[in-house]
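Me: I would like to go through the terms used for this structure and ask, for each of them, what it rests on. Here is the structure I have in mind.

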Amino acid sequence: MVPDHWYDINGVLTGSITLLPDGTVILLYTGNTDTKAQVQFLALPADPTDPLLRNWTKHPANPVILHPPGVGKKDFRDPTTAWFDKSDHTWRTLIGSKDNHGHAGIAIMYKTKDFAKYERIPRLVHRVEGTGMWECVDLYHVGSGNKSSGEPLYVMKASMDDERHDYYALGTYNAAANTWTPMDPEADAIPRTVALDEKTRTNLIQWPVQEFDTLRHNASYHSGITIGAGSVFPLHLRQATQLDIEASFRLDASTVAALNEADVLYNCSTSGGAANCGALGPFGLLIHADVGRREQTTVYFYVSRGLDWGLRTHFCHDESRSSLAKDVVKRVVGSIVPVLHGEALSVRVLVDHSIVESFAMGGRLTATSRVYPTKAIYAAGGVYVFNNATASTITVEKLMVHEMGSSSI
């Protein structure tokens, strides 16, 4: 798509394709006008028989959606693939934006019968204060919740322009009210599949797309390693800049059974990260760590007892020691992850140079970090297994490390 009209002369941005029941393919996309306002356009394949759809014709009705009142002219982009609503026989598309009267990210719904004329549906589908511009939003059905109620569940996805991270959350969508409500209001890149967790039916499973497996080579395997409290175990790898790591851990069962104190205040972001040591955590992996571990990105579990005497498991990324540089963002992120009876504590970590992305408990929780080490780079960077729990050993049941090749495009 070439920016060659007044309405997209300052740039062609993200769009989405919709395949209609009769086989027609339509493209909705965003462009920057001659005044740099963001508006939406319609295009059709110039040759529908071309399997690669290499050439497109812009519709004469463009622009088909102008930016609405109450949002900045540069804050209205990335229409989703449309879906058909049987209640009024219209097609719906969602567009991300930002509230011009604050700093709230918002999702706006439009409907159409012919893709050339659109009507904005009253009310915002969703709004979160303080999150800034939402890019590349999406909303789609993934199944039903509790089997007795059968209430349909929908994923809301948004990419935050402020912090450059993607967020997926599970919730319910009321089409009549045009609102999506998250199941967990606090819920929180690598291409991934997204599906409903059939075991818990209360959260999503996110997992790297299968194509990543084809990049694996030079595997190393460890198992049955016991790591004492306060200990670190180095992994002897040929390189640590592009890796696919699968690890599973178990705490000492007798220590867990003997724990008789509740710890309900722990929080990944506010409790000091991996430096805060408890009876059953933290433990996990040190990524991009130099020999003296002055730099390290910590990927870890922290287990504690709740007031109901059940176990609560946090999974976190601690970037606070990821770099000696003073001018980079260093966060501690994460949340509670569901762990069912008998399950080992497992994580898959993909390392691609500065990107560290983790999928905990089969993908029930994900965390992404962008880190910029100054010492732990190339041959000077390494990976360690660590245990900073004060009362328990950990057993590494499985630790598979693959070196990863680069994808060819």
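Me: In this predicted model, which members of the largest nonpolar core touch the most other members, and what makes a set of residues a nonpolar core?

Reply: The largest nonpolar core has 37 residues, of which Ile245, Phe249, Phe301 and Phe315 touch the most other members. A nonpolar core requires buried residues of kinds such as Ile and Phe, joined through side-chain atoms within 4.5 Å, and therefore the 37 residues are called a core as a set that satisfies this rule. Strand 20 (residues 242–251) gives the most to this core, namely five residues.

Me: What is Phe301 in contact with, once its neighbours within four places in sequence are left aside?

Reply: Its partners include Phe249 and Phe315, both named above among the residues that touch the most other core members. Also in contact with Phe301 are Gly281, Pro282 and Phe283, then Thr313 and His314, and further along Leu345, Ser346, Val347, Ala360 and Met361. Each of these is called a contact because heavy atoms lie within 4.5 Å.

Me: Which residues belong to the other core?

Reply: Apart from the largest core lies another, of 16 residues, among them Leu42, Ile65, Tyr110 and Tyr118. As a general point, nonpolar side chains tend to be buried together in soluble globular proteins.

Me: Why is strand 26 called mostly covered?

Reply: Buried means under 20% relative accessible area, and five of the six residues in strand 26 (residues 355–360) are buried, so the strand is described as mostly covered.

Me: How do you know that strand 26 pairs with strand 25 and with strand 27?

Reply: Pairing needs at least two bridges. Six bridges join strand 25 (residues 345–352) to strand 26, and six join strand 26 to strand 27 (residues 365–370), so both count as pairs, and both run antiparallel. Leu350 stands opposite Glu357 in strand 26, while Ala360 has Leu365 in strand 27 as its bridge partner.

Me: What lies between the strands of these two hairpins?

Reply: The hairpin of strand 25 and strand 26 has two residues between the strands, and His353 takes a positive phi near 60° there. The hairpin of strand 26 and strand 27 has four residues between them, with Met361 in the turn at a positive phi of about 50°.

Me: What makes strand 1 and strand 4 edge strands?

Reply: The open sheet has four strands in the order 1-2-3-4, paired antiparallel. Strand 1 (12–19) and strand 4 (56–58) each pair on one side only, and are its edge strands.

Conventions. Residues numbered from 1 in each chain as written. Predicted model: local features only at pLDDT ≥ 70, side-chain atom pairs only at ≥ 80, totals over all residues. Heavy atoms only, no water. Buried < 20%, exposed > 50% of the residue type's maximum accessible area, 1.4 Å probe, protein only.
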